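Student: I would like a close look at a single part of this protein. Please start from one residue and work outwards from there.

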Amino acid sequence: MRLLKTPSVLPGFSVSLGITVLCLSLLVVLPFAMMGLSAAQMGPQAFWQTITEPRVLAAVWLSLKMSFFAMLTNIMFGTLVAWVLVRYRFPGKNLINALVDLPFALPTAVTGIALATLYAPNGWLGRWFDGKIAFTPTGIWIALVFVSLPFIVRAVQPVLEELSDEYEEAAATLGAHRLTVFRRVLLPEMLPALLTGAGMMFARATGEFGSVIFIAGNIPLVSEILPLIIIGKLEQYDVQGASAVALFMLLISFLILFTLNLAQWALSKRAGAKA
């Protein structure tokens with residue numbers, strides 16, 4: 001019997017692949033290539049001197065450290081939010097579900113101004129902390145937690161929706177404690193999604209500018225973030241220096257994301273072998 005081939009709505013493989021490669025080249029590869037070319041014109045010695053400046057290294061360390069702390073915070077808090085939204089029914093659930101996406105909808109400058117107003121030394125909450133939140137690294141951490149929360153929630157939520165609670169009930173029936181149920185039943189299923197959300201969240205946090213700039217304080221060697229270093233070099237018409245710092249941060253972020261993707265691939269391969 002001859003099978004009839006159903007025509008596809010999309011064009012053939014060759015055309016689709018060509019359009020995909022063209023779009024990726026124009027939108028992703030070409031800008032990065034131009035940035036690398038601009039940094040390469042400095043020469044190896046000037047490039048090394050630029051990225052090893054004390055202000056640059058301090059800003060890199062601060063951005064990576066605060067992004068990592070924000071990632072850990074959202075892994076715990078975001079997973080809890082996703083669990084509540086999936087497992088429970090309560091009044092206002094749809095409102096809370098919509099509020100999770102609020103950081104995506106708000107302009108980052110509006111977020112930064114709101115956080116700075118709230119946590120400033122004379123703000124509603126900042127007055128109770130003796131000015132130790134706004135204009136300090138703690139303020140940067142709060143801003144990064146706010147803007148990156150949806151990445152974890154939206155990555156874990158679909159996994160929990162597909163995971164039946166019958167597995168939890170069966171484990172509880174066999175005498176497993178709640179911590180054991182979470183560690184042996186839930187966590188292995190959520191871990192690939194957690195790594196995906198953590199990777200996207202970390203990438204967003206390391207390059208965040210608008211929501212952080214108003215609450216960071218921007219004190220050199222204390223609370224100055226890396227995007228501000230890049231903006232400062234551009235304002236001084238040092239395009240090559242800005243490109244060098246941006247390329248350095250891009251390489252660090254790529255290495256971290258590559259490591260997370262390798263971990264996710266290893267988990268998926270292990271799960272497939274067990275199946």
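Is Pro103 buried or exposed, and what is its relative accessible area?

Tutor: The model is a predicted one. In it, Pro103 has a relative accessible area of 7%. Buried means under 20%, so Pro103 counts as buried.

Begin with where Pro103 sits. Pro103 belongs to helix α5, which covers residues 102-105. Leaving aside residues up to four places away in sequence, Pro103 touches Phe146, Val147 and Pro150. One of these partners can be given a distance: the C-alpha atoms of Pro103 and Val147 are 5.1 Å apart, although 44 residues separate the two along the chain.

The next thing to look at is helix α7, which runs over residues 137-162. A kink of about 45° lies in α7 at Ser148, and the proline Pro150 follows shortly after Ser148. Pro150 is also one of the residues that Pro103 touches. The length of α7 can be checked with simple arithmetic. The helix has 26 residues, and at 1.5 Å a residue it should span 38 Å. Its end C-alpha atoms are 38 Å apart, so the expected span and the model agree.

In the loop between α6 (108-119) and α7 lies Phe135. The phi of Phe135 is positive, about 65°, although Phe135 is not a glycine. Phe135 counts as partly exposed because its relative accessibility is 36%. Leu221 can be set beside it. Leu221 is not a glycine either, and its phi is positive at about 70°. Its place is in the loop between α10 (210-216) and α11 (226-235). With a relative accessible area of 55%, Leu221 is exposed.

On the other side of α5 in the sequence, consider the pair α3 and α4. Helix α3 covers residues 54-87 and helix α4 covers residues 93-100. Their axes come within 10 Å and cross at roughly 145°, and the crossing is left-handed. From α3, the residues Val81, Leu85 and Val86 take part in the contact; from α4, Lys93, Ile96, Asn97 and Val100 meet them. By class, this contact has five nonpolar residues, one polar and one charged. The spacing of such residues has a general background. An α-helix has 3.6 residues a turn, so residues three or four places apart point the same way.

Two further residues extend the picture. Met200 is in helix α9, residues 178-206. Its C-alpha atom is separated from that of Met71 by 9.8 Å, with the two positions 129 residues apart along the chain. Met200 counts as partly exposed because its relative accessibility is 39%. Thr50, in helix α2 (residues 44-51), is buried, with a relative accessible area of 9%. Among the residues that Thr50 touches are Lys233, Gly241, Ala244 and Val245.

Finally, here is the setting for these parts. The protein has twelve helices and zero strands. Its C-alpha trace spans about 65 × 65 × 30 Å along the principal axes. Of its 275 residues, 36% are buried, and Pro103 is one of the buried residues. Among contacts between residues at least 6 apart in sequence, 76% join residues at least 24 apart.

Technical notes: Residues numbered from 1 in each chain as written. Predicted model: local features only at pLDDT ≥ 70, side-chain atom pairs only at ≥ 80, totals over all residues. Heavy atoms only, no water. Helix = DSSP H or I, 4+ residues; strand = E, 2+ residues; numbered from the N terminus. Expected span 1.5 Å × (residues − 1). Bend = angle between axes of the 7 residues up to and from the residue. Axes fitted to C-alpha atoms, helices over the stretch in contact; angles between N-to-C directions. Left-handed = near helix turned anticlockwise from the far one by under 90°. Contact = heavy atoms within 4.5 Å. Nonpolar A, V, L, I, M, F, W, Y, C, P; charged D, E, K, R; others polar. Buried < 20%, exposed > 50% of the residue type's maximum accessible area, 1.4 Å probe, protein only.
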